[in-house]
2 protein chains.
Amino acid sequence: MAQILKGAPVAAALCEKMTAQTAELAGRGVTPTLAILRVGERDDDLSYERGAMKRCAQVGVAVKNVVLPANVDPEAFYAALRDLNEDPKVHGILMFRPLPAQLDGEKARRMLAPEKDVDGCTDGSLAGVFTGARLGFAPCTAQAAMEILHYYGIDPAGKRAAVIGRSLVVGRPVAMMLMRENATVTICHTRTPDVPAVTREADIVVAASGQMESVGADYLREGQTVIDVGIGWNEAKQKLCGDVRFEEAEPLAAAVTPVPGGVGSVTTCVLVSHVIEAARRSLS
Amino acid sequence: MAQILKGAPVAAALCEKMTAQTAELAGRGVTPTLAILRVGERDDDLSYERGAMKRCAQVGVAVKNVVLPANVDPEAFYAALRDLNEDPKVHGILMFRPLPAQLDGEKARRMLAPEKDVDGCTDGSLAGVFTGARLGFAPCTAQAAMEILHYYGIDPAGKRAAVIGRSLVVGRPVAMMLMRENATVTICHTRTPDVPAVTREADIVVAASGQMESVGADYLREGQTVIDVGIGWNEAKQKLCGDVRFEEAEPLAAAVTPVPGGVGSVTTCVLVSHVIEAARRSLS
């Protein structure tokens, strides 16, 4: 029977820390501020925005909402982004993507100031993740996985870790973050002939392929820590599921994150913590 | 008895390709030009510079040498770097490091234009290696290791690769490049408890820890490809040695690079190929 690595206490601990940090910043006359740049009204964006705004309010981070119509003129969009880049009162920018077809998402990503890139999507942020330098911010979901390990006292140092998935939002960054904490990391992907053989060798398994319920008992062995980054709606089961078949992992693993209520419930906290960190960096 | 993966034919093939490319660029009125920015007269720098200049001459790449005294005034140094960044006739810049104490090496690295960073040391280049985007250039030694695999028809796809060493000049970049070519890569480092256990699992072993002759028969098994990135002077043996104990690897491996005459002999070719690529990119 595995320990269930719930996200809620991790998020609560992060929020407590953040509340103290914003109080300290308030004493120095600074209100950390997140700008949310949204084009149109996509359900996913709205849902994530609500979660982020709630967390911001909870810990004392201000939000500046910039909402543009789905058919926004490209020049107006780039001007809005430039204004946020240049506004000294804005410390972090969350720019929802993908953008509508008339906008150049790659251009927008390159425009975004790395020091305000609290979502970790710019080349500056990705270079920082790769090199270990304090440059931009790590992608939030990847860092959320690491925050869960930290909170539950699971030290990657000296352990073998297997990451399933090589995306730039989770797989590659989480591999670099595990390596920086001295894990010996193997990255598996769609072209890995025998993923279960690799993951069974590992002490820590991070499932981030985005393939729902693809990781079963054959991928696992006793004593492992299993971090499930996936989340999707399972039509057949009529519920949210991760990349891991939880009912197979739970009797086998030493510790496993649930879905929902695991990594996903820490992600917006990480985003907000980046806004506070950006505000702190702007003072130094 | 392993196949000996010599660097010389790899370099020759690259030079042949480069000579054709510079001829084509000449037809478009462009002479690819490498600026070499050197401060002082360190033996290592001079030796690498000679090799690079020889390769440039061989394939039709011009060289602009900028040599500053070891006690150069910082402002004069940064101005020289800025001039090279801005000079449209200069396509690539090789800036020798480390720089003397009065200069800020990190500031200089950040100043260097990524599109001219043919040595692959800027954050732009490293972000490109991490993300797979065409941004800057890969570190030359890491790419030299890949060029050897390509030349000898050793396809990393579907294979397991172990990289020993997590440096930003070789270990991490070569891991990303192997992964981009669909190897399943494990990065070992000083905090990996049992490196031999990891490397014995691999089909391709890249030794890049910088620990001379540290990789012996116990790290290897039959049938592997062994790429030795290390090079150093062995006082006891009075000869150049790599990270691999060649006499132990050679009877066991399917293929192994020699030292000297392996990866190191391809590195300057890669540097020069980046100058040509930078010139080609500047036209598009």
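**Notebook: predicted two-chain model**

I looked up helix α2 (residues 43-59) of chain B first, and α2(B) lies across β2, β3 and β4 of chain B, at about 170 degrees to β2(B). For such angles, axes are lines fitted to C-alpha atoms, for helices over the stretch in contact, and the angle runs from 0 to 180 degrees between N-to-C directions. Helices (H or I, at least four residues) and strands (E, at least two) are DSSP runs, numbered from the N terminus. Contact requires C-beta atoms, placed from the backbone, within 7 Å.

The model is predicted: local features need pLDDT of at least 70, side-chain atom pairs count only at pLDDT 80 or more, and totals for chains, interfaces and linings use all residues. Residues are numbered from 1 along each chain as its sequence is written, while chains are lettered from A and ligands numbered from 1 in the order in which they are written.

**Sheet, chain B**

I then read the strand order, which is β3-β2-β4 in an open sheet of three strands with parallel pairing. β3 (62-68) and β4 (92-95) of chain B are the edge strands, each with a single partner, so one side of each has no neighbour in the sheet. From one strand to the next, the twist averages 20 degrees. I found seven bridges between β2 (residues 33-39) and β3 of chain B, in the parallel sense; pairing here needs at least two DSSP bridges. L34(B) has V63(B) in β3(B) as its bridge partner.

**G105(B)**

I located G105(B) in helix α4 (residues 105-111) of chain B. Is G105(B) buried or partly exposed? G105(B) counts as partly exposed because it has 14 C-beta neighbours inside 10 Å; 20 or more others would make a residue buried and 12 or fewer exposed, with C-beta atoms placed from the backbone. Setting aside neighbours within four places in sequence, I noted contacts from G105(B) to R97(B), P98(B) and L99(B).

**Helix α7(A) and the core**

I checked α7 (residues 171-180) of chain A and found nine of its 10 residues buried, including G171(A), P173(A) and M179(A). Just after α7(A), N182(A) has a positive phi of about 70 degrees.

I listed the largest nonpolar core (buried Ala, Val, Leu, Ile, Met, Phe, Trp, Tyr and Cys joined through C-beta atoms within 7 Å). Of its 170 residues, V163 and V206 of chains A and B touch the most other members. Beyond four places in sequence, V163(B) touches residues including V185(B), I187(B) and V206(B).

**Two copies**

I superposed the chains by least squares on C-alpha atoms of residues with pLDDT of at least 70 in both. Chain A lies on chain B with an RMSD of 0.0 Å after a turn of 180 degrees and a shift of 0.0 Å along the axis. That is the relation of a two-fold axis.

Technical notes
Contact = placed C-beta atoms within 7 Å.
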